[in-house]
Amino acid sequence: LEKALAELKAGAVDSLVDRELILTEFRKIGGTIKAQYVEDDVNGIVRENFGGDRTAFVTELAKSGMTLKKFRDLREKMIIVQVMRGRYAAEQSPPTPVEVREFYEKNIDKYRDKDMIKISTISVPKFTGDANATQDSQLRLAKDLRAKIVAGGDFKSTAKTYSQDSRSEDGGEWPWMERTQMKKSIADAAFAVKEGGVSQVIEDEAAYIIIAVDAKKLGTPEPLEKVRADIERMIRTEKSKAALDGWLESLRRKANIKRYDKKL
């Protein structure tokens with residue numbers, strides 16, 4: 001939880017920094033936003049969220065300590081940021097046939113239907129209730145078990161002895177499953193392993209998992225022409241994001257940014 005909160009805080013700070021950098025760049029190029037654009041934006045919020053009742057809108061602002069002027073200023077900044085982001089994200093060349101083909105082949109698993117797999121698992125719980133068992137010691141146990149299996153140890157007997165999931169009594173063996181029936185992180189890890197192979201130790205929410213891939217049946221992918229439009233859209237999105245990220249990084253390099261971490 002502390003890690004997640006720290007990441008959330010860092011992301012929020014980065015977003016605020018980027019916003020100020022964009023606003024500064026807007027002023028440098030002499031950009032302006034017509035007051036009517038901002039007023040139309042505010043009127044739209046009043047209409048959609050307060051049924052056109054401006055008094056109710058202002059009252060709600062006051063409850064949060066916000067004046068109408070401050071709200072207009074905030075919306076103006078948001079409009080500027082959206083316009084500037086859109087400007088740099090939009091100026092991209094269209095996807096080429098080669099780019100489309102490469103994307104299709106790289107992500108072919110996304111376009112196959114009815115991918116099937118048969119796996120066996122060993123699940124080593126992170127938390128056992130034993131005061132002497134830590135997450136680190138459980139991870140070491142999982143890695144040791146995998147090393148023994150890779151060296152020729154029997155997967156089924158190891159699963160029966162150490163695994164703590166619903167398939168342990170069956171030696172970790174699962175029935176045939178479709179990819180869509182599986183948790184995405186587990187499916188991705190399993191399908192990345194060759195038949196007869198064993199995965200690395202996978203960290204799940206509550207356990208460290210080892211997957212043995214017993215067999216696969218890959219479905220037939222949809223033809224490229226059927227998914228071309230979707231692929232082109234995704235490539236354009238990736239290009240736009242890359243261009244926007246590059247532009248923001250250039251603004252960060254040119255700026256003098258100081259961070260003050262204050263412990264509460």
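Modeller: Two strands pair if DSSP finds at least two bridges between them, and strands (E, at least two residues) and helices (H or I, at least four) are DSSP runs numbered from the N terminus. This is a predicted model, where local features need pLDDT of at least 70 and side-chain atom pairs count only at pLDDT 80 or more, while totals for chains, interfaces and linings use all residues. Residues are numbered from 1 along each chain as its sequence is written, and side-chain values use heavy atoms, leaving out hydrogens and water.

Colleague: Then what joins strand S3 to S4?

Modeller: Two bridges join S3 (residues 202-203) to S4, so the pairing condition is met. The two strands run antiparallel, with Glu203 opposite Tyr208 in S4. They form a hairpin with three residues between them.

Colleague: And how many bridges link S1 with S4?

Modeller: Ten, with S1 (residues 116-125) and S4 antiparallel. Ile117, for instance, stands opposite Lys216 in S4.

Colleague: Why is S4 called largely enclosed by the rest of the structure?

Modeller: Nine of the eleven residues in S4 (residues 207-217) are buried (under 20% relative accessible area with a 1.4 Å probe, protein chains only). That is why S4 counts as largely enclosed.

Colleague: Let's turn to the helices. How do you know how H2 lies relative to H4?

Modeller: Their axes, lines fitted to C-alpha atoms over the stretch in contact, are 9 Å apart at an angle of about 110°. Roughly perpendicular covers 65 to 115 degrees, so H2 is roughly perpendicular to H4. The contact (heavy atoms within 4.5 Å) includes Tyr37, Val42 and Ile45 of H2 and Phe71, Arg75 and Ile79 of H4. By class, six of its residues are nonpolar, none polar and five charged.

Colleague: What about H3 against H4?

Modeller: The axes of H3 (residues 54-63) and H4 (residues 68-90) come within 10 Å and cross at roughly 90°, so these helices are roughly perpendicular too. Arg54, Phe57 and Leu61 of H3 meet Leu68, Phe71 and Arg72 of H4. Four residues of this contact are nonpolar and two charged, with no polar ones.

Colleague: Which residues have the most contacts inside the largest nonpolar core?

Modeller: Ile22, Phe57 and Trp247, in a core of 20 residues. Such a core is a set of buried nonpolar residues joined through side-chain atoms within 4.5 Å. H1 (2-28), H2 (35-50), H3, H4 and H9 (224-254) each supply at least two residues, and H4 gives the largest share, five. Beyond residues up to four places away in sequence, Trp247 touches Ile22, Glu25, Met84 and Tyr88. A second, separate core of 14 residues includes Met182, Ile186, Phe191 and Ile202.

Note on methods:
Axes fitted to C-alpha atoms, helices over the stretch in contact; angles between N-to-C directions. Parallel < 35°, antiparallel > 145°, perpendicular 65-115°, else oblique. Nonpolar A, V, L, I, M, F, W, Y, C, P; charged D, E, K, R; others polar. Buried < 20%, exposed > 50% of the residue type's maximum accessible area, 1.4 Å probe, protein only.
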